[in-house]
Amino acid sequence: MTNINLCLNGCCVEIATRGRQLTKLSKYNASGSMAGYLFQCRLALLKSLKLIRRNPDAIISVEKFDDIAFENADYADCLIQAKHHVQPKSLGDKSVDLWKTLLIWMEGAQHGIFELSKTTYVLITTASCPPNSAMERLREGASKTDIDAAYDLLSTAAESSKSDVTSDARTAFLKMTPDEAKLLLSRITVIDQHPNLTVSGVSTPRCC
């Protein structure tokens with residue numbers, strides 16, 4: 001375990017990080033993308049500065065349970081996937097970002113790292129959800145009708161896509177029962193069109 005200090009406008013917080021050798025999900029870390037990692041750290045710092053006002057003992061980790069995680073007694077109860085792109089990008093039903101994110105969360109639940117029914121999952125991305133897409137349905141305030149529609153859209157995409165890159169994720173999703181898949185989707189909030197690192201003075205979205 002390594003602790004790093006992040007500071008913003010004179011305020012500093014300590015954030016716990018874990019090296020890739022200590023996590024089962026390490027193959028998904030952001031070491032290959034400095035911009036992506038800086039995006040994660042900025043989100044973690046901004047969330048930390050807000051969270052410590054309510055809970056001074058709160059722990060926020062980076063690259064431990066997920067890109068960013070809020071911990072309680074070493075158990076992650078809120079996981080954030082942060083996807084950064086400098087150029088405009090779409091988060092459609094066959095998007096690589098979408099399926100990579102779902103695979104991380106599905107495998108984490110399968111390995112017992114976190115529990116579906118007790119965990120909040122947040123995808124924060126600079127990409128945009130197309131109209132009538134599954135991820136558009138999972139924006140904040142999603143209804144049961146939205147969850148059902150997202151499940152149908154993702155099931156169709158999982159069956160029709162031929163992408164080798166998303167094959168493992170699509171297979172894992174189709175292996176879930178409808179109830180399991182809908183439970184996962186009901187715990188997800190998608191925050192799209194988040195400004196990228198080229199935009200300054202941006203506040204963190206409300207989540208977790």
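A crossing of two helices is right-handed if the near helix is turned clockwise from the far one by less than a right angle. In the predicted model described here, helix α4 passes helix α6 in such a right-handed crossing. Two packed helices are described by the angle between their axes and the distance between the axes. For α4 (residues 144-160) and α6 (residues 178-186), the angle is about 115° and the axes lie 9 Å apart. On the α4 side, the contact is made by Ile147, Asp148, Ala150, Tyr151 and Leu154. These residues meet Pro178, Ala181, Lys182, Leu185 and Ser186 of α6. By class, seven of the residues in this contact are nonpolar, one is polar and two are charged.

The overall fold gives the setting. The protein has six helices and seven strands. Along the sequence, the elements follow the pattern β-β-α-β-β-β-α-β-α-α-α-α-β. Of the 208 residues in the protein, 49% are buried. Among contacts with a separation of 6 or more, 66% join residues 24 or more positions apart.

Asp146 is also placed in helix α4. Asp146 counts as buried because its relative accessibility is 18%, under the 20% cut-off. Beyond its neighbours within four places in sequence, Asp146 is in contact with Arg137 and Gly141. The C-alpha atoms of Asp146 and Leu185 are 9.5 Å apart in space, with the two positions 39 residues apart in sequence. Leu185 is one of the α6 residues that meet α4.

Aromatic rings were examined next. A pair of aromatic rings is described by the distance of the centres and the angle of the planes. The count comes to four aromatic pairs. One of them joins Trp99 and Phe173, with 5.6 Å from centre to centre and 80° between the planes, an edge-to-face arrangement. This pair links distant parts of the chain. Trp99 belongs to helix α2 (residues 96-110) and Phe173 to helix α5 (residues 167-175), 74 residues apart. Both Trp99 and Phe173 are buried. Phe114 and Tyr121 also pair, with ring centres 6.0 Å apart. Their planes meet at 70°, over the 60 degrees required, so this pair too is edge-to-face. Phe114 has a relative accessible area of 2% and is therefore buried. Tyr121, at 0% relative accessibility, is likewise buried. Ring pairs also link Trp99, Tyr151 and Phe173 into a cluster. Tyr151 of this cluster is one of the α4 residues that meet α6.

The largest nonpolar core holds 33 residues. Trp99, Leu102, Trp105, Met135, Leu154, Leu184 and Ile188 touch the most other members. Two or more residues each come from α2, β6 (120-125), α3 (134-137), α4, α5, α6 and β7 (188-191). Helix α2 gives the largest share, seven residues. Met135 shows how such a core residue is surrounded. Outside its neighbours within four places in sequence, Met135 is in contact with Leu91, Asp93, Leu98, Cys129, Leu154 and Val190. Another core of five residues lies apart from the largest one. Its members include Cys78, Ile80, Val122 and Ile124.

Contacts between α5 and α2 can be followed from Ala169. Ala169 is placed in helix α5. With a relative accessible area of 4%, Ala169 is buried. Leaving aside neighbours within four places in sequence, Ala169 is in contact with Trp99, Leu103 and Met106. The C-alpha atoms of Ala169 and Leu102 are separated by 6.8 Å, although these residues are 67 residues apart along the chain.

Backbone geometry was considered last. Most residues other than glycine have a negative phi, and most peptide bonds are trans. Asn132 has a positive phi, near 65°. Asn132 lies in the loop between β6 and α3. Its relative accessibility is 58%, over the 50% cut-off, so Asn132 counts as exposed.

Notes. Residues numbered from 1 in each chain as written. Predicted model: local features only at pLDDT ≥ 70, side-chain atom pairs only at ≥ 80, totals over all residues. Heavy atoms only, no water. Axes fitted to C-alpha atoms, helices over the stretch in contact; angles between N-to-C directions. Helix = DSSP H or I, 4+ residues; strand = E, 2+ residues; numbered from the N terminus. Contact = heavy atoms within 4.5 Å. Nonpolar A, V, L, I, M, F, W, Y, C, P; charged D, E, K, R; others polar. Phe/Tyr/Trp six-rings, centres within 6.5 Å; stacked < 30°, edge-to-face > 60°. Buried < 20%, exposed > 50% of the residue type's maximum accessible area, 1.4 Å probe, protein only. Core = buried A, V, L, I, M, F, W, Y, C linked by side-chain atoms within 4.5 Å.
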